[in-house]
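Let's take a walk through this model, one neighbourhood at a time. Keep the viewer open and pick out the residues as they come up.

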Amino acid sequence: MSEQKKEIVLSGIRATGNLHLGNYFGALRKFVQVQDDYDCNFFIADLHALTTNPDPTQLHQNVKSILAEYLAAGLDPEKSTIFVQSDVPEIAEMYLLLNMHVGIGELMRTASFKDKARKALGIGTPADDSDEAFEKEIIGASTNKRVNAGLLTYPTLMAVDILIQKATKVPVGKDQLQHLELTRRFARRFNSFYGVDLFPEPTDFDFGGAPVKVPGLDGSGKMGKSEGNCIYLIDEPKALRKKVMRAVTDEGPQAPNSPVSEPIANLFTLLELTSTPEVVKQYRDAYADCSIRYGDLKKQLAEDILAITTPIRERINDILADETYLASVVKRGAERARERAAATLSEMRHIMGIRKF
Ligand code: TRP
């Protein structure tokens, strides 16, 4: 296949913290595998991070660490376009243009907006979760606890990330599917409003294979940075072992072949992701005949996780120390990303009637 024919894959991650095992097994590891087969574009969404008003002294550090983590995990700037969102000013301009075709009503009904707006206002989900009640909460909010407009237009910005590159395959987590649906809707709407065929409709991309759900260490649910249940790629061995040893368990199997409770099932899932089938079988058998010791299981798990994260952590630290390299990667990424972005933006401006004198 020639270079142009490859389908365009694009995914971004908000610059709000370090990457954890969930990011690694759920996304990063697959990104690494598809780099040869697709026109891959991976970026760090620092403008999206601004919607939750991060500490300005932290933001750049976060961008840097995610970049180093991307590279350490195997994203290859020779194969993929790796860039920082704010290095592509065309995105900000297109965001303004696209917003002219986005309804505040549809943005307000987005699940992630409701969630984040309520967090910003410091309120939980009320008994009356209707759209009408929600609007009143927002409009009635005092100005010192405002919900910023950037949070409302988060889906516009994400749609722009995707559409400006004309990406058709967008690997995202479940929580982002609604944003992807909005992206398709905005693309269709723009095309039909102007009678053009500018934007292709992107779809979720799971690279085939079974989806990987990486559980947290707190007994229930998936690993997530807002859950406080994460193992980070950058975790030092001592801290990592401590976290794993503290993972939630239960009182142990009371009879042979007992069903496995969620906290234990989660530990087994992590073991399956990081260990060999023989080791997994050994612990499964020990569970079935009640000889299992959770302390041993956790020790094993911690070492198997470390076998994966240690080389990555070492690379992260090496890469972080090499500012020149980091700068050259994002410079080149921005050049490539801007080329396509500028072309799309120019078409869009023309379609909308913006002309130069
Ligand atoms: N909103 C995504 C998240 O929080 C991050 C993101 C921003 C993104 N722009 C994107 C993902 C474009 C895919 C494509 O996970």
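Where does Ile 231 lie? Ile 231 sits in the loop between β5 (203-204) and α11; helices (H or I, at least four residues) and strands (E, at least two) are DSSP runs, numbered from the N terminus. Before going further, a word on conventions: this is a predicted model, local features need pLDDT of at least 70, side-chain atom pairs count only at pLDDT 80 or more, and totals for chains, interfaces and linings use all residues. Residues are numbered from 1 along each chain as its sequence is written, and side-chain values use heavy atoms, with hydrogens and water left out.

Back to that loop. Is Ile 231 buried or exposed? Ile 231 has a relative accessible area of 0%, so it counts as buried (buried means under 20% relative accessible area, exposed over 50%, partly exposed in between, with a 1.4 Å probe and protein chains only). If you want a long ruler line across the model, draw one from Ile 231 to Val 102: their C-alpha atoms are 38 Å apart in space, with these positions 129 residues apart in sequence numbering.

Next, the ligand. The shell around it has 13 residues, and Arg 14, Tyr 154, Met 158, Asp 161 and Gln 176 come nearest; a residue is near a molecule or strand if one of its heavy atoms lies within 4 Å of it. What sort of residues make up the shell? They divide into seven nonpolar, four polar and two charged. For that split, Ala, Val, Leu, Ile, Met, Phe, Trp, Tyr, Cys and Pro count as nonpolar, Asp, Glu, Lys and Arg as charged, and the others, Gly among them, as polar.

Zoom in on the heteroatoms. A polar side-chain atom of Arg 14 lies 3.2 Å from an oxygen atom of the ligand. On the nitrogen side, an N or O atom in the side chain of Asp 161 is 2.7 Å from a ligand nitrogen, and an N or O atom in the side chain of Gln 176 is 2.9 Å from a ligand nitrogen. Taken alone the ligand exposes 360 Å², and the protein buries 92% of that (accessible areas come from the Shrake-Rupley method with a 1.4 Å probe; for residues, only the protein chains shown count as cover). Two elements, β1 (8-14) and α9 (154-164), give two or more residues to the shell.

Now for the rings. The whole structure has nine aromatic pairs. Rings of Phe, Tyr and Trp (its six-membered ring) pair if their centres lie within 6.5 Å; planes under 30 degrees apart count as stacked, over 60 as edge-to-face and the rest as tilted. Take Tyr 24 and Phe 25: their ring centres are 5.1 Å apart and their planes stand at 75°, so this pair is edge-to-face. Both Tyr 24 and Phe 25 are buried. How do the rings of Phe 31 and Phe 42 pair? Their centres are 4.4 Å apart and their planes at 20°, so they are stacked. That pair links helix α1 (residues 21-34), home of Phe 31, to strand β2 (residues 39-45), home of Phe 42, across eleven residues. Phe 31 is buried at a relative accessible area of 5%, and Phe 42 is buried at 0%. Elsewhere, ring pairs join Phe 190, Phe 193, Tyr 194 and Phe 199 into a cluster.

How about a lysine that is buried? Lys 114, in helix α6 (residues 111-121), has a relative accessible area of 11%, so it counts as buried. Its side chain reaches the backbone oxygen of Asp 129 at 3.3 Å.

On to the cysteines. The structure holds zero disulfides, a disulfide being a pair of cysteine sulfur atoms within 2.5 Å. Cys 40 is buried at 1% relative accessible area, and Cys 230 is buried at 4%.

Finally, the backbone. Asn 53 is not a glycine, yet has a positive phi of about 45°. Asn 53 lies in the loop between α2 (46-50) and α3 (56-73) and is exposed, with a relative accessible area of 61%. Asn 257 has a positive phi too, near 55°; this residue is in the loop between α11 (237-245) and α12 (262-274) and counts as exposed at 63% relative accessibility. Ser 258 is also placed in the loop between α11 and α12, but Ser 258 is buried, with a relative accessible area of 18%. The C-alpha atoms of Ser 258 and Asp 289 are separated by 8.9 Å, with the two residues 31 apart along the chain.

Note on methods:
Polar contact = N/O pair within 3.5 Å; in protein donor to acceptor, adjacent residues only side chain to side chain.
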